[in-house]
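Student: I'd like to practise reading a model feature by feature. Can we start with the overall picture and then work down to single sites?

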Amino acid sequence: MKHVIALDVGGTGMKAALVAQDGSVLYEARRPTGREHGTDAVVATILDFAADLAQEGRTRFGAAPLAAGVAVPGTIDEKNGIAVFSANLGWRDLPMRKLLGERLGNIPVALGHDVRSGGLAEGRIGAGRGVDRFLFIALGTGIAGAIGIHGGIEAGAHGYGGEIGHVVVRPGGPQCGCGARGCLETLASASAVSRAWAEATGDPDADAAACAVAVDAGDPAALAVWQNAVDALADGIVLAQSLLDPSTVIVGGGLAEAGDTLFTPLRAAVTERLTFQMPPKVVPAMLKDTAASLGAGLLAWDLLSMEVTA
Ligand SMILES: [Zn+2]
């Protein structure tokens with residue numbers, strides 16, 4: 001069975017799969033990233049995991065994987081296969097593609113950005129299946145996004161395309177890690193909602209999931225916190241709608257786990273803001289935490305099809 005390695009390197013854990021050409025997952029594995037052991041150890045762990053996956057493929061299917069796709073966080077130079085920077089994992093200008101290629105017997109290796117890889121998978125085999133233009137938004141610790149077009153992702157000229165988390169929706173608002181104030185992620189990320197709900201309740205352990213439960217119970221303080229995030233998110237989505245006109249907005253990440261508690265008021269808030277823009281479908285992501293790994297697998301297969309074409 002022809003297969004590729006798909007690997008998603010996260011801040012705490014790595015998710016991997018062996019993926020067939022039709023996108024079906026033949027084998028899955030997870031392993032801790034181990035960032036507490038330092039950057040060199042993280043890189044060694046990634047390379048070891050990839051080599052073990054290749055061995056798994058040989059054992060199970062009698063042949064080595066044809067290619068590998070790896071999704072990593074931070075700033076990526078996809079063209080040159082370099083993991084430029086990750087605050088979380090500590091590397092700078094790491095030649096990830098070269099290192100993996102050497103370790104895996106010089107099979108082709110695609111390096112991708114974690115959120116863009118996740119968006120790619122949602123667009124092709126998840127919530128955006130069959131959609132030509134979509135916007136993927138991940139509401140997690142921060143907010144990241146990916147612009148889907150013609151079956152691929154528009155990464156921009158410098159690899160920063162789709163960073164909707166840093167669109168300023170409240171000028172002069174909360175300080176963002178990027179240096180600006182009032183960025184969308186300071187108001188509508190899962191962390192932002194957790195912070196706001198902890199402040200409202202005086203309970204430092206109160207989080208976004210607890211806030212969603214309180215919203216469902218009709219707690220007015222929770223509703224106020226929630227609506228504040230929903231309004232900010234709707235402002236961001238409408239801005240994107242004016243600029244990109246996607247047919248579908250796919251919302252994933254921790255906060256999207258709230259389901260209708262998020263999507264019902266969010267759709268209403270988007271609709272009431274639209275003037276001339278056509279309303280996008282606002283839908284939950286489908287692939288959950290395997291999106292980036294599946295997207296890495298798609299990148300690997302894309303690489304092989306490009307080689308055949310060339
Ligand atoms: Zn920002």
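Tutor: Happy to. A quick check on overall form is to set the radius of gyration against what a compact globule of equal length would give. For 310 residues that rule gives a value near 19 Å, and this protein has 20 Å, so the two agree. Keep in mind that this is a predicted model.

Student: What does the C-alpha trace span along its principal axes?

Tutor: About 60 × 45 × 35 Å. Within that span the protein has 9 helices and 13 strands.

Student: How much of the chain counts as buried?

Tutor: Here 51% of the 310 residues do. As for the surface, the protein exposes about 13900 Å², with carbon and sulfur atoms supplying 55% of that area. You can also look at how contacts link up the sequence: among those between residues at least 6 apart, 60% join residues at least 24 apart.

Student: On to the metal. Which residues are the protein donors of the zinc ion?

Tutor: H166 donates through ND1, while C176, C178 and C183 each use SG, at 2.0 to 2.3 Å from the zinc ion. Their spacing in sequence reads H-x9-C-x1-C-x4-C.

Student: How do I read the geometry?

Tutor: Compare the angles with the ideal, which for four tetrahedral donors is 109.5 degrees. The 4 donor atoms at the zinc ion make angles of 103 to 123°, and the site is tetrahedral.

Student: Are C176 and C178 buried or partly exposed?

Tutor: Relative accessible area settles that, with buried meaning under 20%. C176 has 6%, so C176 is buried. C178 has 46%, so C178 is partly exposed.

Student: Let's try a residue in a helix. What does L100 touch beyond its sequence neighbours?

Tutor: L100 is in helix α2, residues 96–103. Leaving out residues up to four places away, L100 touches L47, A50, V70 and V109. L100 has a relative accessibility of 1%, so it counts as buried. You can also compare separation in sequence with distance in space: L100 and L111 are 11 residues apart along the chain, and their C-alpha atoms are 9.7 Å apart.

Student: And for a strand residue, where does A110 sit?

Tutor: In strand β8, residues 109–113. A110 and A296 make a nice example of sequence against space: 186 residues separate them, yet C-alpha to C-alpha they are 7.6 Å apart. The contacts of A110 outside its four-place neighbourhood include A68, G69, V70 and L299. With 10% relative accessibility, A110 counts as buried.

Student: Is a loop residue like S86 buried or exposed?

Tutor: Buried, because its relative accessibility is 2%. S86 lies in the loop between β6 (82–85) and β7 (92–94). A polar atom of its side chain is 3.3 Å from the backbone nitrogen of N88. Setting aside residues up to four places away, S86 touches P73, G74 and W91.

Student: What about S189, then: which backbone atom lies 2.9 Å from a polar atom of its side chain?

Tutor: The backbone oxygen of E185. S189 is placed in the loop between α4 (185–188) and α5 (190–201). Its relative accessible area is 0%, so S189 is buried. Past its four-place neighbours, S189 is in contact with G140, T141, G142, I143, L184 and L255.

Methods: Residues numbered from 1 in each chain as written. Predicted model: local features only at pLDDT ≥ 70, side-chain atom pairs only at ≥ 80, totals over all residues. Heavy atoms only, no water. Helix = DSSP H or I, 4+ residues; strand = E, 2+ residues; numbered from the N terminus. Buried < 20%, exposed > 50% of the residue type's maximum accessible area, 1.4 Å probe, protein only. Polar contact = N/O pair within 3.5 Å; in protein donor to acceptor, adjacent residues only side chain to side chain. Contact = heavy atoms within 4.5 Å. Donors = N, O, S within 2.8 Å, 3.2 Å for Na, K, Ca; no water. Tetrahedral: all angles 85-135°; square planar, octahedral: opposite > 155°, others 65-115°. Rg over C-alpha atoms; globule rule 2.2 N^0.38 Å. Areas by Shrake-Rupley, 256 points an atom, 1.4 Å probe, with all protein chains shown as cover.
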